[in-house]
Amino acid sequence: TETLYQQVRSLSYDGRYADAQVLLAQMPADDDRTLTYMGFTSRKMGNTEAAMTYYARALARNPGNVLARSYMGQGLVEEGNISAAMKQLREIRAHGGKGTWAEASLRTAISTGRTFNW
């Protein structure tokens, strides 16, 4: 499974989001990590509504998934909803994510309006 996740990250890094979703479809659909990556790839393909649904499902499974919170927050920044993005930033910190890439990338996205690919 870890190898598949690494392939998903590599494909996404290359902008091959649809190909990444093909691999994700082979993984446990109810796993919070799979849901997080489905949200990320959906958002990058322009389907923000689906992305937010995936992120919400990931967080329902694992409220401490700081990566899902970061990606959700970045999607909220893209939508201009800074207050909701700030809420996700506070939740990342509350779940022990202070100092992580997830926290730093969302903090930067909020302050600059620019989001991250991975």
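A nonpolar core is a set of buried Ala, Val, Leu, Ile, Met, Phe, Trp, Tyr and Cys residues joined through side-chain atoms within 4.5 Å. Buried means under 20% relative accessible area, exposed over 50%, and partly exposed in between (1.4 Å probe, protein chains only).

The model is predicted: local features need pLDDT of at least 70, side-chain atom pairs count only at pLDDT 80 or more, and totals for chains, interfaces and linings use all residues. Residues are numbered from 1 along each chain as its sequence is written, and side-chain values use heavy atoms, with hydrogens and water left out.

**Exercise 1. Describe the fold and overall dimensions of the protein chain.**

Step 1. Assign secondary structure, with helices (H or I, at least four residues) and strands (E, at least two) taken as DSSP runs numbered from the N terminus. The protein chain has seven helices and zero strands, in the order α-α-α-α-α-α-α.

Step 2. Compare the radius of gyration, taken over C-alpha atoms, with the globule rule of 2.2 Å times the number of residues to the power 0.38. For 118 residues a compact globule would have a value near 13 Å, and the protein chain agrees because its own value is 13 Å. The C-alpha trace spans about 35 × 25 × 25 Å along its principal axes.

Step 3. Count burial. Of the 118 residues, 42% are buried.

**Exercise 2. Locate the nonpolar cores.**

Step 1. Find the largest one. It has 21 residues, and those with the most contacts inside it are Tyr55, Met72, Val77, Ala85, Leu106 and Ile110.

Step 2. Assign its residues to helices. Helix 3, helix 4, helix 5, helix 6 (82-94) and helix 7 (101-112) each supply at least two residues of this core. Helix 5 gives the largest share, six residues.

Step 3. Inspect one member, using contact in the sense of heavy atoms within 4.5 Å. Apart from residues up to four places away in sequence, isoleucine 110 touches Val77, Ile82, Ala85, Met86 and Leu89.

Step 4. Look for another core. A second, separate one has nine residues, including Tyr5, Leu23, Met27 and Met38.

**Exercise 3. Characterise the aromatic pairs around phenylalanine 40.**

Step 1. Fix the criterion: rings of Phe, Tyr and Trp (its six-membered ring) pair if their centres lie within 6.5 Å; planes under 30 degrees apart count as stacked, over 60 as edge-to-face and the rest as tilted. The whole structure holds four aromatic pairs.

Step 2. Take tyrosine 17 with phenylalanine 40. Their centres are 6.2 Å apart with 70° between the planes, an edge-to-face pair. Tyrosine 17 is in helix 2 (residues 17-24) and phenylalanine 40 in helix 3 (residues 32-44), 23 residues apart.

Step 3. Check burial. Tyrosine 17 is buried at a relative accessible area of 13%, and phenylalanine 40 is buried at 0%.

Step 4. Take phenylalanine 40 with tyrosine 71. The ring centres are 4.7 Å apart and the planes stand at 45°, so this pair is tilted. Tyrosine 71 lies in helix 5 (residues 66-78) and phenylalanine 40 in helix 3, so the pair ties together parts 31 residues apart in sequence.

Step 5. Combine. Tyr17, Phe40, Tyr71 and Trp101 form one aromatic cluster.

**Exercise 4. Determine the surroundings of asparagine 65.**

Step 1. Place the residue. Asparagine 65 is in the loop between helix 4 (48-61) and helix 5.

Step 2. Classify the exposure. Asparagine 65 counts as buried because its relative accessibility is 9%.

Step 3. List the contacts. Beyond neighbours within four places in sequence, asparagine 65 is in contact with Asp32, Arg33, Thr36, Ala58 and Leu59.
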